[in-house]
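Got a few minutes for a walk through the pockets and ligand contacts of a model? Here it is, with the report below.

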Amino acid sequence: GTGIVAATPERGDVEYLAPINIGGQTLNMDFDSGSSDLWIFSTNLPAASQTGHQNFDSTKSTTFKAITGATFSISYGDGSGAAGMVGTDTVNIGGATVTNQAVELATTVSASFVSDTNSNGLVGLAYSKLNTVKPTQQKTFFDNAMPTLAQPVFTADLRKAAVGSYEFGNIDATKFNGSLQWAAVNTTQGFWQFSSTKFSVGTGAAMANPGNQAIADTGTTLMLANAAVINGYYSQVQGAVNNATVGGVTFPCSATLPDLNVDVGGNFNAVVRGDDINFAPVDATGQTCFGGLQAISGNLQIFGDIMFKSNFVVFNGGNNSLAMAPHG
Ligand SMILES: CC1CCN(C(=N)N)CC1
Ligand SMILES: CC1CCN(C(=N)N)CC1
């Protein structure tokens, strides 16, 4: 089978929401290729945490089954998190259906999730080895769906300030230009991870970034890269400064931003359009803009939604590879 859902950006493209159906109830969810838990807002939360959200009510589903003694607890890089109990139910994402999918019902969620009323949980699409359910680790929706999908793939078509899509089991060739370029994925850490050991800025010469790795992460808003990339890129942007007050690199909103070209798996070069690297004004004056490319230490870079806005991405769980092409 196949499935397709619209991916709708929150204001400012902070995250992209898509609807899933669980036991007859529809919730708008944040699809996250950087984690592996499918957890949902539920009526098991304190009433205050449920306010403004779609809350799954397991007592209203005729197909829900609790997993006795199973719990989950997950925390994310930004300090947010959720925890609760676990059951199985039928999950249908745009037509792709898994019976007995582990669904994790939150009994506690952090404040940032409560206040983000557009999101009612996460659909983890990284490798199942990262799933947090105890005592028995559970599989992701994609892992469970794969055997019944027409192709063992899902695709992300995320757009700047526009509706895109997530699709399971099919690669829609009308959604990208040119041919898909493929790279091997290193699954050891459970991410859609690949090497990225060189980059270039605009039409400039390739610069080495030895030993560097990156993950394709739909759950992260920005593109987080190491000092070599940050310095290499922003040295080419007039007026770019590291603005401690704002918490990252800013530049005049009138700046011309060059494209960033990054190596993927030693196999191909992905282009992140300069226009997509202008994330948003820092204040109402619209004079100063916050960069979509920001710093992270270490050599595991996080290619988040900023990269996805310039590239259609295919995740192939059949042979652990990943492909990109410019959006159509
Ligand atoms: C390496 C980190 C990337 C951001 N995360 C995520 N999308 N869930 C957490 C893991
Ligand atoms: C990967 C996740 C990080 C935390 N999130 C949040 N606070 N809304 C969602 C995505």
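What follows covers the two ligands, the pocket, the cavity and a few backbone details.

This is a predicted model, where local features need pLDDT of at least 70, side-chain atom pairs count only at pLDDT 80 or more, and totals for chains, interfaces and linings use all residues. Residues are numbered from 1 along each chain as its sequence is written, chains are lettered from A and ligands numbered from 1 in the order in which they are written, and side-chain values use heavy atoms, with hydrogens and water left out.

**The pocket**

Let's start with the open space. The largest pocket holds about 880 Å³. Here a pocket is an open set of points on a 1 Å grid over the protein atoms alone, with protein on both sides within 12 Å along at least five of seven lines, and its lining residues have an atom within 4 Å of a point. Grid points are joined across faces, edges and corners, and a volume is the space filled by probe spheres set on the points.

In total, 29 residues line this pocket, and Tyr 76, Gly 77, Asp 78, Gly 219 and Thr 220 are the ones nearest its centre. Sorted by class, the lining comes out as 13 nonpolar, 10 polar and six charged residues. For that split, Ala, Val, Leu, Ile, Met, Phe, Trp, Tyr, Cys and Pro count as nonpolar, Asp, Glu, Lys and Arg as charged, and the others, Gly among them, as polar. At least two lining residues come from each of β3 (25-32), β5 (65-75), α2 (111-115) and β24 (300-303). These elements are DSSP runs numbered from the N terminus: helices are H or I with at least four residues, strands are E with at least two.

**The two ligands**

Which pocket does ligand 1 sit in? Ligand 1 is in the largest pocket, and ligand 2 sits in the largest pocket too. Sitting there takes more than half of a molecule's atoms within 2 Å of the pocket's grid points.

Around ligand 1 you'll find Asp 32, Gly 34, Ser 35, Tyr 76, Phe 191, Ile 215, Asp 217, Thr 220 and Ile 302; a residue makes this list if one of its heavy atoms lies within 4 Å of the molecule. That shell has four nonpolar, three polar and two charged residues.

The polar contacts are tabulated here; each is a pair of N or O atoms within 3.5 Å.

| Ligand atom | Protein partner | Distance |
|---|---|---|
| Ligand 1, nitrogen | Asp 32, side chain N or O | 2.8 Å |
| Ligand 1, nitrogen | Gly 34, backbone N or O | 3.3 Å |
| Ligand 1, nitrogen | Asp 217, side chain N or O | 2.8 Å |
| Ligand 2, nitrogen | Glu 15, side chain N or O | 3.5 Å |
| Ligand 2, nitrogen | Asp 78, side chain N or O | 3.0 Å |
| Ligand 2, nitrogen | Ser 80, side chain N or O | 3.3 Å |

Ligand 2 has 290 Å² of accessible area on its own, and the protein covers 86% of that. Accessible areas come from the Shrake-Rupley method with a 1.4 Å probe. The shell around ligand 2 consists of Glu 15, Asp 30, Asp 32, Tyr 76, Asp 78, Ser 80, Ser 112, Phe 113, Asp 116 and Gly 219. By class, that is two nonpolar, three polar and five charged residues.

**The cavity**

How many cavities of 30 Å³ or more does the structure hold? There is one, where a cavity is a set of grid points where a 1.4 Å probe fits but cannot get out. The largest cavity has a volume of about 40 Å³. Its lining is made of Leu 125, Ala 126, Tyr 127, Phe 142, Asp 143, Met 146, Trp 192 and Gly 317, which divide into six nonpolar, one polar and one charged.

**Backbone and loop details**

A few backbone spots are worth a look. The peptide bond from Lys 134 to Pro 135 is cis, with omega near 0°, and Pro 135 lies in the loop between β8 (121-124) and α3 (141-145). Asn 100, in strand β7 (residues 96-109), has a positive phi of about 55° although it is not a glycine.

Finally, Asn 319 belongs to the loop between β25 (311-316) and β26 (321-326). The side chain of Asn 319 makes a polar contact with the side chain of Ser 321 at 2.5 Å; within protein, one atom must be able to donate a hydrogen and the other to accept it, and residues adjacent in sequence count only if both atoms are side-chain atoms. Asn 319 and Pro 152 are 167 residues apart in sequence, yet 8.5 Å apart in space, C-alpha to C-alpha.
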